[in-house]
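Here are a few short exercises on charged side chains, each with a worked solution. Have the viewer open and try each task before reading on.

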Amino acid sequence: MEINAYTEVPSGVAFEIVADLDKPKKSPPAELSTPTAKSNIDYETKQLHAERRRSSNLNSKLTPVRKDEERRIEAKKTVQELDEKFREATRLELEVKLKQAEENKENHLNSVLVKCYKKCEMQNEAQKTAQELDIKFREAAKREIEVKQKTAEELKEMQRINLLKKCHEHDAKIEKTKQRAKELKENCV
């Protein structure tokens with residue numbers, strides 16, 4: 001290919017390329033030679049050296065990878081150990097909290113039961129006191145009624161006695177009046 005000319009355009013430079021398609025290019029023919037024994041030995045030592053260089057190069061490339069792998073394994077192991085420690089610590093903490101919650105529940109239940117027993121005892125005592133007061137009130141009311149009845153009977157008896165006295169007095173007055181009337185009749189006649 002040949003560059004024949006170039007021209008300037010507003011956006012830069014433009015080239016005109018002319019291709020020589022008419023002339024095919026031929027590569028020189030390859031010569032085959034048979035290796036000699038010496039070149040065969042050189043080839044084997046070169047191959048051995050190349051193999052060593054390759055393995056050394058591979059080892060030098062794999063060494064950081066191995067170190068990274070070891071660090072990764074160590075980090076993974078550390079993470080697992082920390083995870084186990086965290087799980088164990090959390091489990092122990094939760095067991096302590098659960099035990100404390102159970103104790104709190106038991107204490108609360110016992111305090112509620114004690115309060116209930118006290119309240120029941122107070123209610124029983126109040127009921128007993130109410131029954132005693134009822135009995136006392138009934139006895140007092142009965143005594144009061146008896147006293148009132150007795151007083152009423154005594155009052156009735158006293159009223160009857162007073163009425164009888166008044167009746168006797170009235171009868172005595174009537175007798176006196178009759179006697180006077182009789183005396184007056186006798187005196188008048």
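**Exercise 1.** Work out how Glu 157 and Arg 160 are placed along helix α1 and whether their side chains pair.

Solution. Start with the spacing: Glu 157 and Arg 160 lie three residues apart in helix α1, so about one helical turn separates them. Keep in mind that this is a predicted model. Next, check the distance: the closest N and O atoms are 2.4 Å apart, and the cut-off is 4 Å, so the pair forms a salt bridge. Finally, look at exposure: Glu 157 is partly exposed at 33% relative accessible area, and Arg 160 is partly exposed at 43%.

**Exercise 2.** Classify Lys 148 and Glu 144 as buried, partly exposed or exposed, and describe their contact.

Solution. Lys 148 has 53% relative accessibility; exposed means over 50%, so Lys 148 counts as exposed. Glu 144, at 46%, is partly exposed. The two residues sit four apart in helix α1, about one helical turn. Their closest N and O atoms are 3.4 Å apart, and they form a salt bridge.

**Exercise 3.** Find which residues are linked with Glu 88 in a network of salt bridges.

Solution. Begin with Arg 91: its side chain meets that of Glu 88 in a salt bridge, 2.3 Å from N to O. These two are three residues apart in helix α1, which spans residues 37–188. Both are partly exposed, Glu 88 at 35% and Arg 91 at 36%. Now add Glu 95: Glu 88, Arg 91 and Glu 95 are linked in a network.

**Exercise 4.** How many salt bridges does the count come to?

Solution. The count comes to ten.

Note on methods: Residues numbered from 1 in each chain as written. Predicted model: local features only at pLDDT ≥ 70, side-chain atom pairs only at ≥ 80, totals over all residues. Heavy atoms only, no water. Buried < 20%, exposed > 50% of the residue type's maximum accessible area, 1.4 Å probe, protein only.
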